[in-house]
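Visitor: I would like to learn how to read a model of this kind, one feature at a time. Could you take me through it?

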Amino acid sequence: MSYDPTRVLCPRPDFIDESFCEFELAVRAAAKGDVELALNHLGRTRHEELRAWFDVVAQNAGKGRFVERNRPLALEHPVDDDARDEGKISVPFARQILERDGYHCRYCSIPVVFASEARKIQRILGPDNFPISKSNQIAHGTLRAFYNSFDHVLPRSRGGRNTLDNLVTACYPCNFGKDDFTLSQLGLRSPFENPVITDFHDGFVALLKLR
């Protein structure tokens, strides 16, 4: 697993690497149709702990920064809602960003999984074993730690656009950790300056292609 703990936007559990390794083994077994083995590995991901960590720590990391830095919730130079780009992007555009970024978070470099592949995993393992939900209390914990989102480097609230030069792949924890802050406010270099990770991980696309 490629993961840089020095660039995270919120603290991670010390078992995060182990969790991803078990998650990967579960997906590999599922892709081969060995549901029993897949569930065995999935049970070792410590998914309930991941879900609890995300609910308490990761989801609130950005909000916590407002308090820590004594920043008002009112944004500097906000853009009116009707002048902002839509929050959603198309699936083909999402794939373009993911492929450019190697299916890794451009902030911390953790591997991520896209919604389409998550749904394929669910079809194999069943919704009871691998629930997908917007609710932290329902969603499988691995889909809180390793699910991908797309971060507007310049936030939409500041006029950031839905363009390739402003959108990067981000794991849920980093995206929530960045919140509506700008890079300069957080003292971060641009995620585009961070190297693209090119390893075995392709978001499980090849493994699940025929599923």
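**Reading the packing**

Guide: Let us start from a single side chain in this predicted model: leaving aside neighbours within four places in sequence, phenylalanine 130 is in contact with Phe23, Leu42, Ala118, Ile121, Gln122, Leu125, His140, Thr142 and Leu143.

Visitor: Which residues touch the most other members of the largest nonpolar core?

Guide: The general idea is that, in soluble globular proteins, nonpolar side chains tend to be buried together. Here the largest nonpolar core has 53 residues, and those that touch the most other members are Phe23, Cys105, Tyr107, Ile110, Leu125, Phe130 and Phe146. Helix α1, residues 16–31, gives the most to this core, with eight residues.

Visitor: What is the overall secondary structure in which this core is set, and what is its order along the sequence?

Guide: The protein comes to nine helices and two strands, and read along the sequence these follow the pattern α-α-α-α-α-α-α-β-β-α-α. Of its 211 residues, 52% are buried, and among the contacts with a separation of 6 or more, 75% are accounted for by residues 24 or more positions apart.

Visitor: How many residues of α6 are buried?

Guide: An α-helix has 3.6 residues a turn, so residues three or four places apart point the same way. In α6, nine of the 11 residues are buried, so this helix is largely enclosed by the rest of the structure. The buried residues are Ala115, Ser116, Glu117, Ala118, Lys120, Ile121, Gln122, Ile124 and Leu125, and what covers them includes α1, α2 (35–42), α5, α7 and β1. Just after α6, glycine 126 takes a positive phi of about 95 degrees.

Visitor: Is alanine 38, in helix α2, buried or exposed?

Guide: Alanine 38 lies in helix α2 and is buried, with a relative accessible area of 0%. Leaving aside neighbours within four places in sequence, alanine 38 is in contact with Ala26, Ala29, Ala30 and Leu125. The C-alpha atoms of alanine 38 and valine 27, which are 11 residues apart along the chain, are separated by 6.5 Å.

Visitor: What space is in the largest pocket, and which residues are closest to its centre?

Guide: Rolling a probe the size of a water molecule over the atoms shows where empty space is left. In this model, about 1100 Å³ of space lies in the largest pocket. Of the 36 residues that line this pocket, the closest to its centre are Gly87, Asn148, Ser149, Phe150 and Tyr172. At least two lining residues are supplied by each of α5 (91–100), α6 (115–125), α7 (142–145), β1 (148–152) and α8 (172–178), with the largest share, five residues, coming from β1. By class, the lining has 15 nonpolar, 11 polar and 10 charged residues.

Visitor: Why is there no bond between the sulfurs of cysteine 10 and cysteine 174?

Guide: For a disulfide, the pair of cysteine sulfur atoms has to be within 2.5 Å. The closest cysteine sulfur to that of cysteine 10 is in cysteine 174, at 6.4 Å, which is too far for a bond, and the structure holds zero disulfides. As for accessibility, cysteine 10 is buried, with a relative accessible area of 4%, whereas cysteine 21 is partly exposed, with a relative accessible area of 37%.

Terms used: Residues numbered from 1 in each chain as written. Predicted model: local features only at pLDDT ≥ 70, side-chain atom pairs only at ≥ 80, totals over all residues. Heavy atoms only, no water. 1 Å grid on protein atoms, 1.4 Å probe; cavity = no way out; pocket = protein on both sides within 12 Å on 5 of 7 lines; lining within 4 Å. Points joined across faces, edges and corners; volume = space filled by probe spheres on them. Helix = DSSP H or I, 4+ residues; strand = E, 2+ residues; numbered from the N terminus. Nonpolar A, V, L, I, M, F, W, Y, C, P; charged D, E, K, R; others polar. Core = buried A, V, L, I, M, F, W, Y, C linked by side-chain atoms within 4.5 Å. Buried < 20%, exposed > 50% of the residue type's maximum accessible area, 1.4 Å probe, protein only. Contact = heavy atoms within 4.5 Å.
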